[in-house]
Structure formats: structure tokens, C-alpha cells
Amino acid sequence: MTSTTTTQGAPVQVEKRRLHYPNIFWIAFAHLMVIVAIPFFTWDAFAWSLILLFGLAPLGINLGYHRMVTHGGLKMPKWAEAFFLTLGAAIGGGPPLHWVAEHRLHHRFSDTPKDPHDATKGFWFAHITHLFWHKEFEDVEEQWMAYIPDLAKNRYYYWLNKNWILLPVASLGLFYLWGGWTYVLWLGFVRVTLMLHITWFVNSATHMWGYRNYDTPDKTTNTWWVALLAAGEGWHNNHHAQQVSARHGHKWWEFDLTYLWVRFFELIGLAKDVKRPQLSLMRARTVSESSASPAS
Ligand SMILES: [Zn+2]
Ligand SMILES: [Zn+2]
């Protein structure tokens, strides 16, 4: 079979007829394990799960998957880029190439029927239930590959995309050696489930609730509590307005922990070519809004 014509821009269909059983099973299992974990609660397991969550997700997911690889907001040596993608996979971020491709698709078609987690279909669809259905975009390699021409030839990334699950499973073994089943449940399942919901809030809440600094054509918002939980990713209207910028907090008080990490890596010489926002675009919009006259 010959390859199809380029499918970039082809509509992504949420095929409601075909349930995605692996996703449903995994999501249900993770939540069940959270309930199982409750009687095993210890303060040190709880504390370590939060330390790992808020210590590693900003580096693996926000800095690695999102700001560096998806959007090119900063550059690092190849080994460091591979390290952060591997970290993102190991903490449960999912297949990195799929993640990047689907996120680029989301930016291209935000809040339209082609958006894989179109928030106009409601909170729960954008947050979680879109994962319960097969998406043609995910299932057809030519479709998602068309969105990652810069990564598709990297053999290690391709391997990682296919085999990423081995890393979080291996980490469960480490947690067992470290602190028995209590650590498996809390540092493994509770931490990952919390991380998934925080990530999902960026797809749901920050396309619904909050304020806007930029008049973007989508429905994105800045949502302070998502920004705090997701280390800056909740300044999502800022991000959609200036997608390449490695800094998502654009007002002085919009705290962006991930950007502090970017600054740190820049200062020690590991991060280069860091893209920053054009803050004048935000001010221009404020001015034009305040002086807007009723249109005829
Ligand atoms: Zn978005
Ligand atoms: Zn993005």
C-alpha cells in the first residue's frame, strides 16, 4: 500500500462508535488504586508523592514535552533534550511523539471540532472523556507523523514513543524497593493520577474559566489555580497568544515555576535560544479595548 497524500490538516474524528478500551481500563485502574491507597496513607509517602509530582512534572512535561519539543521555546543539546523527554515518559506523561503531535493539532484547531479535546463540547469531554474514544488521528501513523517532521527521524524518540510504558512500570519496582507497597501506591498511582488531572485541567479549565490578556480566536483563559498546580501552564491564554514563548506568565504576578527552571538552565549554559513573549502585544490589546468605540 502506498502512502496516502499528506494528511496534515485532515479532520480528527472522535469516533464515538469505537471505545478505547486500553485508555478506559488504565484510567479506571489508576483511580481504583487511588482508593486502595487511602488506608495505606503515611505522611512520608504523601510528602514524597507531592515532591516527585511538583519536582519532576514541570521538568519532564512542561519544559521537556511542551515548551522545548512541541513549541521550540528553548534549545538544549540533543542529549539533554532526550533526557527531559525520557523523564517525562518515566513519570507517566505518555508517548512523547503522540503527545507532541496531538498538542500541535490542538493548537492548530483549538476549540473547533478538529481539536482532539475540543472544550466547546463541555468540561468533561475536554478533561477526560475524549480519551475514552478512538481518534483516527492517533490510530493512523501517517496522520500524527505529519505533525512532527522535526522528530520523526529520531530513532530513539520513536522507540521511546512505542515503549514508554516500560519506564513508569520500572519506576514502580523502584518505589517498591524504596518503601514497599505503600510507596508503589502513593508515589506511583496517586502521584500519576494527580498529575493526569492537573494536565487535563489545562485542556478543560483553561479553555473555560478565568481571564484573558489576549484576544485570541480560541476560548483560552488564564486560570490562576491551574497555573499554580501546573507550574505555569495555567496561563493558557498567554500561551495560545504567543505559543513559542518559553515564558507563560506575562504579567509580573503570573507566577511561572517552569520558566524559573528555564532561566536556571539558561544561566548555567544548558538552555539556549530562549524565546520570550512580546509583552507589548498584551498592552496594545488593553489600550485598543479601553479605547474601543462602538462599531458601526
Ligand atoms: Zn489549549
Ligand atoms: Zn502548547
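**Figure 1. Secondary structure and confidence of the predicted model.** The protein comprises 13 helices and two strands, and the coordinates shown here are those of a predicted model. Of the 296 residues in the protein, 39% are buried. Among contacts with a separation of 6 or more, 68% join residues that lie 24 or more positions apart. The mean pLDDT of the protein is 91, with 90% of its residues reaching 70 or more. Two stretches call for caution: over residues 1-8 the pLDDT stays under 50, although the model has eight contacts beyond four places in sequence for them, and over residues 286-296 the pLDDT is likewise below 50, with zero contacts in the model beyond near neighbours in sequence.

**Figure 2. The bend in helix α2 and the glycine that comes after the helix.** Helix α2, which spans residues 43-70, bends by about 40° at Ala57. A proline, Pro58, follows within four residues of that bend. Just after α2, the backbone of Gly72 adopts a positive phi of about 65°.

**Figure 3. The crossing of helices α4 and α8.** Helix α4 (residues 96-108) and helix α8 (residues 155-163) have axes that come within 7 Å and cross at roughly 95°. Because an angle of 65 to 115 degrees counts as roughly perpendicular, α4 is described as roughly perpendicular to α8. The residues of the contact of α4 with α8 divide into five nonpolar, two polar and no charged. On the α4 side the participants are Pro96, Leu97 and His98, and these meet Tyr157, Tyr158, Leu160 and Asn161 in α8.

**Figure 4. Two residues other than glycine with positive phi.** Ala231 and Asp273 are shown together for their backbone angles: phi of Ala231 is near 55°, a positive value in a residue other than glycine, and phi of Asp273 is near 55° as well. Ala231 lies in the loop between α10 (224-229) and α11 (236-241), whereas Asp273 is placed in the loop between α12 (257-267) and α13 (279-290). Their surroundings can be read from the neighbour counts: Ala231 has 24 other C-beta atoms within 10 Å and is therefore buried, while Asp273 has 11 other C-beta atoms within 10 Å and is therefore exposed.

**Figure 5. His248 and its surroundings in the loop between α11 and α12.** His248 is found in the loop that runs between α11 and α12. With 28 other C-beta atoms within 10 Å, His248 is buried, since 20 or more such atoms are what the term requires. Not counting residues up to four places away in sequence, His248 touches Gly232, Glu233, Trp235, Asn238, His239, Asp256 and Tyr259. The view also takes in Asn222, which is 26 residues from His248 along the chain, with a separation of 9.8 Å between the C-alpha atoms of the two.

**Figure 6. Arg18 in strand β1.** Arg18 is found in strand β1, residues 14-19, and counts as exposed because it has 12 C-beta neighbours inside 10 Å, a classification that applies to counts of 12 or fewer. Leaving out residues up to four places away in sequence, Arg18 touches Trp133 and His134. Lys135 is 117 residues from Arg18 along the chain, and the C-alpha atoms of this pair are separated by 8.8 Å.

**Figure 7. Ala80 of helix α3 and Leu270.** Ala80 has its place in helix α3, which covers residues 78-90. Although Ala80 and Leu270 are 190 residues apart in sequence, they are 8.1 Å apart in space, C-alpha to C-alpha. Ala80 counts as partly exposed, with 15 C-beta neighbours inside 10 Å.

**Figure 8. Trp209 in the loop between α9 and α10.** Trp209 is found in the loop that connects α9 (166-203) with α10, and it is partly exposed, with 14 other C-beta atoms within 10 Å. Once its neighbours within four places in sequence are left aside, Trp209 is in contact with Thr221 and Thr223. For Thr223, which is 14 residues from Trp209 along the chain, the C-alpha separation from Trp209 is 6.5 Å.

Definitions and conventions:
Residues numbered from 1 in each chain as written. Chains lettered and ligands numbered in written order. Predicted model: local features only at pLDDT ≥ 70, side-chain atom pairs only at ≥ 80, totals over all residues. Contact = placed C-beta atoms within 7 Å. Bend = angle between axes of the 7 residues up to and from the residue. Axes fitted to C-alpha atoms, helices over the stretch in contact; angles between N-to-C directions. Parallel < 35°, antiparallel > 145°, perpendicular 65-115°, else oblique. Nonpolar A, V, L, I, M, F, W, Y, C, P; charged D, E, K, R; others polar. pLDDT = per-residue confidence, 0-100.
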